[in-house]
Amino acid sequence: MRRFEYFEPASLPEAVALLARYQGRAQPLAGGTDLLVELKEQLRRADCVVNIKKIPGIGELSFDARKGLRIGALVTAREIEVSPIAIKHYPSLVQAARELGSIQVRNRATIIGNVCRASPSADTLPPLIADGAKVSIHGARGMRSVLLEDFFSGPGKTVLKPDELVTEIVVPAPPLRTGKIYIKHGRRKAMELATVGVAVTLTLEDEIRIVLGAVAPTPIRAKKAEALLRGRKIDAALIEQAARAALEDCRPISNVRASADYRREMVGVLTRRALKQALDAIR
Amino acid sequence: MKISLTLNGEKRSLELEPYRSLLDALRNEAGLTGTKKGCDVGDCGACTVLVDGKPLNSCLMLGVEAEGRDIVTIEGIQPAPDRLHPLQEKFMQLGGAQCGFCTPGMIVMAKALLDENPDPTEDEIRFGIAGNICRCTGYTKIVEAIQAAAKEMKK
């Protein structure tokens, strides 16, 4: 690794001030499972690394039946994977967390790190967006809150400014009769990046969100497919129509993991499968 | 920076640059070369150590983050200098190690797995060691060694 300055700020204002002082040349460190790889492989430059793990109050995972799940910036993928409350109310997020890297990686990697890295294929993003998650952002000018769906601006890019930190994600509590599914498609069972990821959060005859990962520059909602299903009684014929509509919603590229055509095809297959499984999960 | 930590049960202090990985710090500054450097980017698991009881890739942690932590490496797995851990014994007896490069990480990971779940199924073992790549064994012998060690440890 190249030489960098290193800080362990003891408060949020101190951390944000450091990020502001280095203007884009400072990188926050939480889990480090992306940052250290990118520093070693010289994909990212840091004159300064700001370890945020000494900041109090940003490591909490808590649930409230009205407000939902609050995931602090230091909460790891592994904590979500084994959390009884997450397993009960946020099963698609838990599934995504389980499929991220290895246990060793998940013991370090944070959910918010996965979000801020903004990889189009990141596993936790489709279920979080499908669940209507919001991110809380702390900056020198105060706090703001952004719907996760609007947080991403491209591969590896977000609306986060260089002197801002995401401190928390809030995921609304699920209404009754809600089914949630995340299906990751890859070539092997573990240590894989998604070729296609599909998350469905379906409340019976009410709201539905379908989110597609790895088939566009950012995770995207399958809005045509959702419009066909929203508020309706869903049967096999409607699922078929929605699966076809989802194909038109995605804009995949070809790369080393799969061709665009294959990805588009799999969006149809996995959307159909995820919708069926979400319905089964409610019944 | 100077850091203090507990390393295999012993209080140690190390002088580290902040841009040194825990893995490099263990192998160089601490002189413990049992932990192996394979990919150095968190894919292979050869550098697995326990930090406060949790398995992680030491290549993906800064050495300075070990301040105040309790770290166990493969050198700390043996219960006594003249005794082996059941995992070490079973890996030897049942062909769980061939070239041996993945073995330290594999054994540390298996220990973490058995600490949490003393009676794992084959699927749970395979899920647990998904982040430890072995190029030689095809994993079957490793899974069998972990199962045999689990049995031994319950006695």
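This report describes the chains, sheets, helices and chain contact of one predicted structure.

The model is predicted, so local features are given only at pLDDT of at least 70 and side-chain atom pairs only at pLDDT 80 or more, while totals for chains, interfaces and linings use all residues. Residues are numbered from 1 along each chain as its sequence is written, and chains are lettered from A and ligands numbered from 1 in the order in which they are written.

## Chain A as a whole

Chain A holds 11 helices and 14 strands. Helices (H or I, at least four residues) and strands (E, at least two) are DSSP runs, numbered from the N terminus. The radius of gyration of chain A is 19 Å, close to the 19 Å that the globule rule gives for 283 residues, so chain A is as compact as a globular protein of that length. The radius is taken over C-alpha atoms, and the globule rule is 2.2 Å times the number of residues to the power 0.38. The C-alpha trace of chain A spans about 60 × 45 × 35 Å along its principal axes.

Of the 283 residues in chain A, 50% are buried. A residue is buried if 20 or more other C-beta atoms lie within 10 Å of its own, exposed if 12 or fewer, and partly exposed in between, with C-beta atoms placed from the backbone. Among contacts in chain A with a separation of 6 or more, 64% are between residues 24 or more positions apart. Two residues are in contact if their C-beta atoms, placed from the backbone, lie within 7 Å.

## Strands of chain A

An open sheet of 3 strands in chain A has the order β1-β3-β2, with parallel pairing. Two strands pair if DSSP finds at least two bridges between them. β1 (5-7) and β2 (26-29) of chain A are at the edges with a single partner strand each, so one side of each has no neighbour in the sheet. From one strand to the next, the twist averages 20°. Angles run from 0 to 180 degrees between N-to-C directions, and axes are lines fitted to C-alpha atoms, for helices over the stretch in contact. Helix α1 (residues 12-22) of chain A lies across β1, β2 and β3 of chain A and runs at about 165° to β3(A).

Strand β5 (residues 68-72) of chain A has 4 of its 5 residues buried, so β5(A) is largely enclosed by the rest of the structure. A hairpin of 3 residues joins β4(A) to β5(A).

The table lists strand pairs of chain A with their bridges and one pair of opposite residues.

| Strand pair | Sense and bridges | Opposite residues |
|---|---|---|
| β2(A) and β3(A) (residues 48-51) | parallel, 4 bridges | Leu29(A) and Asn51(A) |
| β4(A) (residues 61-64) and β5(A) | antiparallel, 4 bridges | Asp64(A) and Gly68(A) |
| β5(A) and β10(A) (residues 164-171) | antiparallel, 4 bridges | Gly72(A) and Glu168(A) |

## A helix pair in chain A

Helix α10 (residues 236-249) and helix α11 (residues 260-282) of chain A pack at an angle of about 145°, and their axes are 8 Å apart. The contact of α10(A) with α11(A) has 7 nonpolar, 2 polar and 5 charged residues. Ala, Val, Leu, Ile, Met, Phe, Trp, Tyr, Cys and Pro count as nonpolar, Asp, Glu, Lys and Arg as charged, and the others, Gly among them, as polar. Residues of α10(A) in this contact include Ile239(A), Ala243(A) and Leu247(A), and those of α11(A) include Val267(A), Leu275(A) and Lys276(A).

Lys276(A) has 17 C-beta neighbours inside 10 Å and therefore counts as partly exposed. From C-alpha to C-alpha, Lys276(A) is 30 Å from Pro155(A), and the two are 121 residues apart in sequence.

## Chain B and the contact between chains

In chain B, 5 strands form an open sheet with mixed pairing, in the order β2-β1-β5-β3-β4. Its edge strands are β2 (10-15) and β4 (54-57) of chain B, each of which pairs on one side only. Neighbouring strands of this sheet are turned by 40° against each other on average, direction ignored. Helix α3 (residues 103-116) of chain B packs on the sheet and touches β3 (48-51) and β4 of chain B, with its direction at about 35° to that of β3(B). Strand β1 (residues 2-7) and strand β5 (residues 70-72) of chain B run parallel and are joined by 2 bridges. Thr6(B) is opposite Asp70(B) in β5(B).

Between the chains, 20 residues of chain A are in contact with 21 residues of chain B. On the chain A side, α2 (35-40) and α6 (103-106) each supply at least two residues. By class, that side has 9 nonpolar, 7 polar and 4 charged residues.
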